[in-house]
Amino acid sequence: MSTRFYPRYHLGNPQLRVFLPNFVMKLIKPPHPQPPNVATFIVSTQMTKFDIQNYLEKIYKVPVASIKTHIHMGEIKRSKVGGYLIKDDDYKIAYITMPKTETFEFPDLYPTEKEEAMEKEMNQIKLLQKDWSKKIQQHKHRPGMPSWFGA
C-alpha cells in the first residue's frame, strides 16, 4: 500500500516508526440526499475497499459497516486554442456506510451569523450606491468632474 522508503531496521535499540499512508481521502457533499449514517469520499483509484476500511478505522477510528465504490470518468473538453481534446483524471467515489447507531452530519460551513453579517454589509453597499447615484445626478451635466470642484 505504501511506496515510501523507511530506514532499514537494525537490531538493538527499539526504533519508533510511524507509517503514514500515501493516499488522501476527500470528503464531499453528496449530490443527492442520503441516510444519516452514509458519508461520501473521493479516494485514489488505486485504493481498494479493504484499504479504505483500514484507513478510516485505524486513523480516524470510524466504524465501517459497508463500502460501495465506483470510478467516475473525468470530463472531456475541447481546447480553445488548438481544438484538441483534454480529459480530466478519473477518480473513485466511495460511499461509506456506518452502523445505524452512528450518524454523520456534513459540517455547516456557512453559519447563519455569517449570512446575517453579509446581508448587513450588502444593505450598507446598497445605501452607498444610492448616495453615489444621487451625487452623479446632481452633476450629470458635468460628467467626470469631482464633487469637491464646486457646484
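## Around Ser 79, and out to the sheet

Ser 79 is buried: its relative accessible area comes to 13%, and the cut-off for that label is under 20%. Keep in mind that this is a predicted model, so every value here is computed from predicted coordinates.

Where does Ser 79 sit? Its place is in the loop between strand S4, residues 76-78, and strand S5, residues 85-87. What does Ser 79 touch, once neighbours within four places in sequence are set aside? That leaves Tyr 84 and Ile 86 as its contacts. There's a polar approach to look at too: a polar atom of the Ser 79 side chain lies 3.5 Å from the backbone nitrogen of Gly 82.

### How far to trust it

The mean pLDDT of the protein is 84, with 86% of the residues reaching 70 or more. Going by element, S3 has the highest mean pLDDT, at 96, and helix H2 (residues 112-138) the lowest, at 87. Where pLDDT is low, the predicted coordinates shouldn't be read in detail.

### The overall layout

The protein has two helices and six strands. Starting at the N terminus, the elements come in the order β-β-α-β-β-β-β-α. Of the 151 residues in the protein, 16% are buried. If you take the contacts between residues at least 6 apart in sequence, 46% of them join residues at least 24 apart.

### The sheet, strand by strand

Which strands make up the open sheet, and in what order? There are four of them, lined up as S1-S2-S6-S3, with antiparallel pairing. Strand S1 (26-28) and strand S3 (66-72) are the edge strands, each of them pairing on one side only. On average, neighbouring strands of this sheet are turned by 30° against each other, direction ignored.

Let's walk across from the S1 edge. S1 and strand S2 (residues 38-43) run antiparallel and are joined by three bridges. Leu 27 has Phe 41 in S2 as its bridge partner, while Ile 28 stands opposite Thr 40 in S2.

Next comes the pairing of S2 with S6, which is antiparallel and runs over six bridges. Thr 40 turns up again here, with Tyr 95 in S6 as its bridge partner. So on the two sides of Thr 40 you can look for Ile 28 in one pairing and Tyr 95 in the other. Further along S2, Val 43 stands opposite Lys 92 in S6. S2 itself is mostly covered, with five of its six residues buried.

The walk ends with S3 and S6, which pair in the antiparallel sense over seven bridges. In this pairing, Thr 69 stands opposite Ala 94 in S6.

What lies across the sheet strands? Helix H1 (residues 49-59) lies across S2, S3 and strand S6 (91-97), and it runs at about 125° to S3.

### Salt bridges

How many salt bridges does a search of the whole structure find? The count is two. As a general point, side chains of opposite charge can pair when their charged atoms come close.

One salt bridge brings together the side chains of Lys 77 and Asp 88, with an N to O distance of 3.7 Å. Why is this pair a tie between separate parts? Lys 77 lies in strand S4 and Asp 88 in the loop between S5 and S6, so the pair links parts that are 11 residues apart in sequence.

Lys 87 and Asp 90 form the other one, and their closest N and O atoms are 2.5 Å apart. Are the residues involved buried or partly exposed? The table gives the label and the value for each residue.

| Residue | Burial class | Relative accessible area |
|---|---|---|
| Lys 77 | partly exposed | 39% |
| Asp 88 | partly exposed | 32% |
| Lys 87 | partly exposed | 41% |
| Asp 90 | partly exposed | 36% |

If you're opening the model now, Ser 79 in the loop between S4 and S5 is one place to begin. From there, go to Lys 77 in strand S4 and its salt-bridge partner Asp 88, then move on to the sheet with its order S1-S2-S6-S3.

Note on methods:
Residues numbered from 1 in each chain as written. Predicted model: local features only at pLDDT ≥ 70, side-chain atom pairs only at ≥ 80, totals over all residues. Heavy atoms only, no water. Pairing = 2+ DSSP bridges. Helix = DSSP H or I, 4+ residues; strand = E, 2+ residues; numbered from the N terminus. Axes fitted to C-alpha atoms, helices over the stretch in contact; angles between N-to-C directions. Contact = heavy atoms within 4.5 Å. Buried < 20%, exposed > 50% of the residue type's maximum accessible area, 1.4 Å probe, protein only. Polar contact = N/O pair within 3.5 Å; in protein donor to acceptor, adjacent residues only side chain to side chain. pLDDT = per-residue confidence, 0-100. Salt bridge = Lys/Arg side-chain N within 4 Å of Asp/Glu carboxyl O.
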